[in-house]
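Colleague: Could you take me through one part of this model closely, the place where the two chains meet? I'd like the cut-offs along the way, please.

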Amino acid sequence: MMKNKWGVGSLLFVSLVLSACGSSSDETSGETDDQSGESETREVEHAMGTAEIEGEPERVVSLFQGANDAAVALDVEPVAIVESWVEQPVYKYLRDDLEDVDQVGEETQPNLEEVAKQEPDVIFANKDRHEDIYDELSQIAPTVMIDEIYGWKDTVDLMGQSLDKEEESDELLTEWDERVEDFKSQMEAEGHFPVEAAITNFRADHARIFYTGFGGGILNELGFDRPDNHKEDTWGVKLTSKESIPEMNADVIFNFNSGTEKDEIQQTYEDWTGHPLWQELDAVQNDNVHNVDEVTWNSAGGYLAANHMLDDLYEIYDLEENND
Amino acid sequence: MSYLLKTNLSKIIGAAIAVLLFLSAFLSSLYFGQTAIVVDDIVQAFTSFNSSSTNHIVILEERLPRAVLGSVIGACLAIAGALMQALTGNPLASPSIFGINAGALFFVVLSITLFSFTSLVHIMWMALLGATAAGVIVFMLGSLGREGMTPIKVVLAGAAISALFSSMTQAMLVLDENGLQQVLFWLTGSISGRSLDMLYPILPFIVVAVGVSMFMGNALNVFATGEDVAKNLGQKTTLLKIAIGVIVIILAGSSVSIAGAIGFIGLVVPHITRGIFGPDHRWLIPLCAVLGASLLVSADVVARLLIMPEEIPVGIMTALIGTPFFIYIARYGLTKR
Amino acid sequence: MGRQINIRTKKNTISFQIDLKSLIITFLLMALTISALFAGPGFGDPFFSPVEIGQSVFGIGNVGNEFIINTLRFPRAAVSLLAGFCLGIAGAILQGIVRNPLASPDIIGITGGAAVAAVSYISFFQDTFGIQWLPFAAIAGALLASLLIYVISWNEGVTPIRLVLIGIGISAAMQAGTMLILTMVPDYSASQAYIWMTGSIYGASWEGLRLLLPWALLIVPLIIMYSAILNVQELGDDTSAGLGLSVQKHRLVLLLSSVVLAGAAVSIVGTIGFVGLVAPHIARLLVGRSFSYLLPSAGFIGGLIVFLADIVARTAFYPSDIPAGIFTAGVGAPFFIFLLVKHRNKF
């Protein structure tokens with residue numbers, strides 16, 4: 001009896017193995033979607049390999065916030081996107097363009113079936129989030145992986161290459177560089193530089209200083225320095241004691257509060273900013289603390305958000321942008 | 001059972017040393033930290049407070065609440081552990097092993113994420129409810145079966161219930177990533193950045209519970225000779241057991257509602273105290289309070305110094321200190337009995 | 001102790017009937033598992049009939065369905081069933097060694113070790129070495145933690161009680177370590193780690209199945225050969241030694257197979273909770289204590305639990321695809337308490 005039962009059991013396993021091998025070998029075929037006939041095939045090198053993209057892809061799926069943003073920047077309407085972290089389902093600044101676009105779940109675990117149903121021509125995903133589903137995604141459509149969650153320039157660049165919009169993407173990045181140059185020279189001229197900036201953030205039970213990340217990276221590019229104690233190559237620190245407030249010291253502080261527990265966060269924010277040690281910070285003494293938007297400065301992580309951040313900075317420093 | 005101090009005189013001296021130990025832990029908690037402070041600052045902060053001196057403010061508004069909360073919670077947890085060990089005759093009984101911390105924590109997270117409670121008092125009641133639920137379930141599970149409540153059964157039941165509640169907590173937080181990042185420190189157990197305001201609403205309960213437990217020494221000593229003997233001596237053991245249960249729930253539940261899950265204090269301290277002062281509960285309970293306070297306050301000082309400016313949540317510190325101790329008791333303590 | 005032997009003798013006098021019943025139930029569970037494997041991929045939007053699924057698996061179906069069935073849903077069904085199978089058997093073995101129905105890999109520190117290793121890997125090494133090594137980090141963590149538990153428990157042999165108590169202690173330390181890492185890493189690593197710790201079948205692939213299957217094929221037959229010994233083991237140290245078994249050696253072999261099975265399962269799907277605890281318990285109620293039936297039944301039930309949890313996880317909040325571990329914990333645990341209380345005399 002025993003032997004029989006396990007005979008059946010192992011048969012089951014063997015059939016599983018066979019079916020596994022069988023199906024994986026013929027999956028690679030079936031994907032050729034030759035509507036554009038002879039059109040050129042572009043090879044896009046990305047964080048996890050090379051994607052071969054034919055013609056001008058029309059059905060674009062975006063699986064992270066930065067790509068949602070970049071698509072709008074490149075004037076592309078994706079067929080599907082993932083839900084935003086706050087202001088669900090779509091960040092307000094993208095709502096005009098993306099409100100009616102299909103949703104395929106959350107950025108952490110986007111629904112692969114829904115992605116497949118969209119029959120995309122190309123998928124934009126992020127290595128920090130989607131490394132383990134790259135194979136599945138590649139079977140659905142050529143998939144371009146962006147290396148880092150805040151690699152927003154890469155996103156624009158790779159999206160341009162993939163969508164045959166390199167001119168547009170180059171133009172966007174050049175525009176950005178020009179804006180950066182303009183901002184820097186004006187800041188220089190006004191004598192605002194050198195300046196050390198810090199990004200702070202309050203939560204229900206702790207506070208943070210962001211060293212790098214989206215906002216920090218852009219501030220550096222714009223010519224802001226980081227205070228010496230913020231130069232460590234890590235995302236930042238979490239602080240729980242108000243005694244640590246002096247860590248936040250900088251010439252200028254950009255602060256955003258985040259989260260859904262509004263009351264508690266407001267409470268933390270008031271507690272910390274009401275503290276005498278906070279009053280001693282250089283930025284506070286010189287009235288250089290600026291409350292900024294969490295989405296723009298941190299969670300959106302895209303080209304448009306970067307530009308909104310720069311808009312904020314022009315306004316904060318009361319500069320007139322040179323549009324030549 | 002062997003212990004260090006046998007005569008009353010040596011116990012009094014020992015108790016005095018314990019109090020000194022606590023005072024020095026308390027003072028270190030006022031002294032050590034990111035802001036450099038001299039001893040004079042501490043004295044002046046209390047005698048001639050100067051509201052423009054940030055050192056004075058740091059001492060009174062950051063370090064003092066922390067030291068006070070650490071003392072209260074450390075004492076509560078240690079007494080709770082001692083009472084649970086007396087009640088169950090189980091050397092491994094303590095709030096965290098019994099799943100009480102995990103239960104309270106789950107109810108609190110539930111009340112915040114699902115019912116959007118923001119009032120501290122409501123959250124505290126939820127914590128007490130969770131502590132009760134977990135405690136009762138574990139007690140019941142642990143005493144099932146014919147052999148009654150054996151240490152291994154209670155510990156397994158506690159571990160299972162802890163696993164249950166913590167995985168449900170985890171589940172709620174996976175669904176709400178933002179919520180997870182909001183209450184990270186509180187979940188891991190931390191007394192940093194807590195204000196004394198959190199203590200006041202529950203302080204009356206704590207005071208009563210601690211006060212009553214201090215006078216339970218005689219009854220506990222009788223009970224410890226065995227429940228049947230105690231009954232024959234005229235003790236109302238059921239009443240005593242209920243009283244102990246209520247006190248434990250109040251002490252452990254309110255600790256969790258202020259500081260999140262801080263484990264192992266309730267396990268470690270009663271054993272150390274018993275090893276020094278012996279099993280007489282008239283000495284044991286008050287000294288557990290003193291030593292529990294000392295241990296948590298010291299652990300908190302170390303937690304804030306190791307990776308400045310960040311801090312290790314003190315719950316993690318106590319778990320790392322407590323685990324070897326737990327293993328030691330599991331290896332050697334159980335076989336002696 | 002004497003009492004249990006009596007029961008067994010008593011059982012033996014009517015053993016034929018009971019065994020037949022257990023045998024039938026075991027076969028039913030197996031049939032259920034196989035049908036789950038071929039029906040499960042049907043659930044979702046669109047719904048597929050088992051016929052379509054079969055056609056698709058053997059490459060003769062509608063090409064349009066093939067991707068969703070062959071690449072997405074079928075591996076998910078297979079991985080969930082197999083991972084649950086491993087966890088169920090691992091739990092049944094442990095409960096046999098420890099002789100307590102509350103023991104399971106997630107409670108005595110085995111999966112805790114996997115969690116520390118996996119969370120460290122996700123936080124510190126994944127960027128450099130890629131996600132494909134994550135399963136190996138996890139299984140290494142499980143093995144190391146178990147080795148630690150075993151070594152610390154060793155004192156002229158290992159008793160089940162010491163093993164469990166020390167396992168729980170180590171488990172607490174591992175948890176503290178995990179939380180410490182989680183408080184220090186950036187949000188996106190922490191959320192990936194949390195999903196891993198909850199346990200998720202999301203993104204399961206044939207690759208995952210290929211990693212998991214050899215362990216199952218290797219260990220399960222070995223354990224079946226040991227089944228007879230397990231029955232004796234359940235009687236405890238004194239009786240086993242009396243029967244002339246080299247208790248320590250067998251205990252080590254059993255423990256090791258439990259660790260490897262649990263570690264392998266966890267390395268693919270993350271630390272899904274409660275399966276190793278609940279599945280053997282349900283199995284015991286259905287087929288009794290004889291390990292020849294208990295082990296496979298616990299495996300099949302474990303597989304079905306994870307399978308159902310994953311179906312719910314990917315369909316309940318469509319299109320959101322949430323970690324399956326949420327449902328094994330939420331549903332498994334109350335059921336488990338109910339069982340314990342209802343059948344308290346079976347301890």
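Modeller: Happy to, and the count of salt bridges between chain A and chain B is a good place to start: there is one. By salt bridge I mean a side-chain nitrogen of Lys or Arg within 4 Å of a carboxyl oxygen of Asp or Glu. The partners are the side chains of E243(A) and R63(B), at 2.5 Å from N to O.

Before going on, some ground rules. This is a predicted model, in which local features need pLDDT of at least 70 and side-chain atom pairs count only at pLDDT 80 or more, while totals for chains, interfaces and linings use all residues. Residues are numbered from 1 along each chain as its sequence is written, chains are lettered from A and ligands numbered from 1 in the order in which they are written, and side-chain values use heavy atoms, with hydrogens and water left out.

Beyond the salt bridge, ten residue pairs are in polar contact across the interface of chain A and chain B, both residues being at pLDDT 80 or more. A polar contact is a pair of N or O atoms within 3.5 Å; within protein, one must be able to donate a hydrogen and the other to accept it, and residues adjacent in sequence count only if both atoms are side-chain atoms. On the side of chain A that touches chain B, β10 (236-239), α10 (262-273) and α11 (276-279) each supply at least two residues. Helices (H or I, at least four residues) and strands (E, at least two) are DSSP runs, numbered from the N terminus. That side of chain A divides into twelve charged, eight polar and eight nonpolar residues. Here Ala, Val, Leu, Ile, Met, Phe, Trp, Tyr, Cys and Pro count as nonpolar, Asp, Glu, Lys and Arg as charged, and the others, Gly among them, as polar.

Now for the extent of the interface. With contact taken as heavy atoms within 4.5 Å, 28 residues of chain A and 27 residues of chain B take part. The area buried between chain A and chain B is about 2,400 Å², and carbon and sulfur atoms give 46% of that. Buried area is the accessible area (1.4 Å probe) that two parts lose on being put together, summed over both. In chain A, the residues that lose the most area to chain B are D205(A), T240(A) and E243(A), together 29% of what that side buries. So E243(A), the salt-bridge partner of R63(B), is also one of these three.
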